[in-house]
Amino acid sequence: MQFHHHGYVSGDPRVLPAAGVGLNRPQELPEEVDVLIVGTGPAGMLAAAQLSRFPNITTRIIERRPGRLAIGQADGIQARSVETFQAFGFAERIIAEAYHITEMAFWKPDPANRATIVRAARAVDDEMGISEFPHLIVNQARVLDYFAEYMANAPTRMTPDYGYDFQSLSITDGDEYPVSVTLLHTDGPNEGQERIVRAKYVIGADGARSKVRAAIGCTLAGDQANHAWGVMDTLAVTDFPDIRTKCAIQGEKGSILLIPREGGYLFRMYVDLGEVDPATHHAVRSTTIEQIIAKANEILHPYTLDVRNVAWHSVYEVGHRLTDRFDDVLPEDRGTRTPRVFITGDACHTHSAKAGQGMNVSMQDGFNLAWKLGHVLEGRSPESLLSTYSEERQVVAKNLIDFDKEWSTMMAKKPEEFENPSDLEDFYVRTAEFPAGFMTEYAPSMLVAPADHQALAAGFPVGKRFKSAPVVRVGDTNPMHLGHHATADGRWRIYVFADAALPGTGSATDKLAQWLAEAAESPLAATPSDADPDAWFDVKVIYQQPHTELDINAVPAVFKPQVGPFRLTDYEKVYGTDPKADIFELRGLDRGGVVVVVRPDQYVANVLPLTATAELGAFFAPLLPGRHNAGQPLTV
């Protein structure tokens, strides 16, 4: 964490100085806003938190409830989400309070007595070490609390506007605030009254029954699996030995997915209620909590479950649905106009809860969209950037639904229906990277270059998330993870992995540094003259030598920008290798040096040789102000 560069900070450094629209932020919802976010679920809150870092953008997030969510339905936090929390500054705190999944146990009927269950196998949760962060379980409400804290401490001092329900919208092309939104007061002295808010952009994060989705003519299409599950968060006394271990339990009477919760006592059970007759019109949803508990006891035999308290319960039928687009631009209008209204999370994709993906994928929707809106509204990038949201995230959602169909179908199978008794646990281990959130791979676009030079950085696949690795910071000799220093501040990252020469010797790294600092074609040249030199681009260098062999004074100035009103030197962008874990070896980096460009949402956008300055300039040209025609953009 960096602070004091604007003067001495005696209070909490996480509370950033108010700036821009945060200086005189009106308590009441304004009549005109830049971005109106509908819904304070995971996608909406992450989008709001990201936009809270753009001081001159008026963003408001509304919620029909009168206050914060108390009990969330989602609880699984995949490692990719924890990486994202690191960028928002609360990974360490949420890790401390969460339940950590390290193993999964698989229970099946005892071959000697199939009326009882026995532990048949165990699987390590992250056998391949796909992330340095753990797989967590924590209440969704706490995740939202952390995002609320982040945005309240951001320069814009953003807080949710509770007590507003979205009713409808209309778009008037040509207006400065073209989206007119009708809202209904659901709380307070104006309850029952309507009001109009005009916005430049609207994000619908209002769940599976999204009114924003309906307003732009999108519908969820898909199928029902005709299988029902009862889910309950409970406090109970039991002799089941793995009650504090994640379990897939397949008994003669049905299946249970057991997920221990944070705090040491609470746990969640998804209890198989069996096939559903479509002709009964969802009658299964009237299943009582007593019936769910009784069914759980049948499946757990010979073990018993004495439920002492139920914090929350529900009954749902598995469904897999996806919209054909995630914004308001019809297929026939693509390329003729840019979107004004977007939908995220459950508003555009729904699936079962058992893969633990709903909250996680929804948050990545919000992350993908929010920084793009910030760049367009600040004039950093053209409006065409916004078309990439639907193109990128719809593919991810489709892959998620395909995966969840397979996983939920397997969870609903009877033990005797498997060809191989170990099929369920084998699938869990084999597909671990997907539910952890690391199989997302964005296709080439104006934001993702073709992987022409991928061989130079095999461990940083273009289009996939930037996988952090250990390094040692030269200035203060601190060992750290390179990716952990990338905060959710809307900046592009340019990581320069140096050639074998030392700094200051006229090497290829030195020449690239000079080009970055001085060339008119350099992306850094687009940074506003009244801003810090690293305001738009965070440029870091990683040398092949250990920190003890590097002279910080010989490092080119572009890697040591002078920032803040006192023009203080930032020493935290220069790294050497960690002798215990060489990043060049770990990530397959060419010893001749390589540039890795990373988007503000942590995905690798380009891999280039140190000498490919023309290609680097051309990549950014269509993304920067005044340069949209300066180079040939990639496919949009």
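Me: A polar contact is a pair of N or O atoms within 3.5 Å; within protein, one must be able to donate a hydrogen and the other to accept it. In this predicted model, which residue offers the backbone oxygen that the side chain of R195 reaches at 3.4 Å?

Reply: R195 is found in strand 11, residues 194-204, and among the residues it touches are L29, E31, Y164 and H185. Its side chain reaches the backbone oxygen of L29 at 2.9 Å. At 3.4 Å, within the 3.5 Å limit for a polar contact, the side chain of R195 also reaches the backbone oxygen of P30.

Me: How far from R195 is the nearest side chain of opposite charge?

Reply: R195 is buried yet has no salt bridge, a term that requires a side-chain nitrogen of Lys or Arg within 4 Å of a carboxyl oxygen of Asp or Glu. The nearest side chain of opposite charge belongs to E31, which R195 touches. The distance from R195 to that side chain of E31 is 5.3 Å.

Me: Why are C218 and C348 not joined by a disulfide?

Reply: A disulfide is a covalent bond between the sulfur atoms of two cysteines, and the structure holds 0 of them. C218 is buried at a relative accessible area of 4%, and C348 is buried at 0%. The closest cysteine sulfur to that of C218 is in C348, and the two are not bonded because they are too far apart, at 8.5 Å.

Me: How many of the residues of helix 2 are buried?

Reply: Helix 2 spans residues 79-87, and its buried residues include R80, E83 and F85. What covers them includes helix 1, helix 3, helix 4 and helix 7 as well as strand 3 and strand 7, while the helix is followed by G89, whose phi is positive, near 85°. Helix 2 is largely enclosed by the rest of the structure, because the buried count is 8 of the 9 residues.

Me: Which residue forms a salt bridge with E83 of helix 2?

Reply: A search of the whole structure finds 44 salt bridges, and in the one made by E83 the closest N and O atoms are 2.9 Å apart. The pair links distant parts of the chain, 382 residues apart, with the partner in the loop between helix 9 and strand 19. Both residues are buried, and the partner of E83 is R465.

Me: How many residues apart in sequence are the parts that E252 and R114 tie together?

Reply: The side chains of E252 and R114 meet in a salt bridge of 3.1 Å, N to O. E252 lies in the loop between strand 13 and strand 14, and R114 lies in strand 6. At relative accessibilities of 38% for E252 and 37% for R114, each counts as partly exposed. The separation in sequence of the parts they tie together is 138 residues.

Me: What is the distance in space, C-alpha to C-alpha, between L369 and Q50?

Reply: L369 is found in helix 7, residues 358-377, where it is buried with a relative accessible area of 0%. Among the residues it touches are I203, F342 and Y389. L369 and Q50 are 319 residues apart in sequence, and their C-alpha atoms are separated in space by 9.5 Å.

Me: Is Q602, which has a positive phi without being a glycine, buried or exposed?

Reply: Q602 lies in the loop between strand 26 and strand 27, and its phi is near 80°. T477 likewise has a positive phi, of about 65°, although it is not a glycine; T477 is found in the loop between strand 19 and strand 20 and, at 44% relative accessibility, counts as partly exposed. Q602 has a relative accessibility of 12%, so it counts as buried.

Me: Where is P302, the residue that follows the cis peptide bond from H301?

Reply: The peptide bond from H301 to P302 is cis, with omega near 20°. P302 is found in the loop between helix 6 and strand 16.

Key: Residues are numbered from 1 along each chain as its sequence is written. This is a predicted model: local features need pLDDT of at least 70, side-chain atom pairs count only at pLDDT 80 or more; totals for chains, interfaces and linings use all residues. Side-chain values use heavy atoms; hydrogens and water are left out. Helices (H or I, at least four residues) and strands (E, at least two) are DSSP runs, numbered from the N terminus. Buried means under 20% relative accessible area, exposed over 50%, partly exposed in between (1.4 Å probe, protein chains only). Lys and Arg count as positive and Asp and Glu as negative; His and the chain ends are not counted. Contact means heavy atoms within 4.5 Å. A disulfide is a pair of cysteine sulfur atoms within 2.5 Å. Lists of a residue's contacts leave out its neighbours within four places in sequence.
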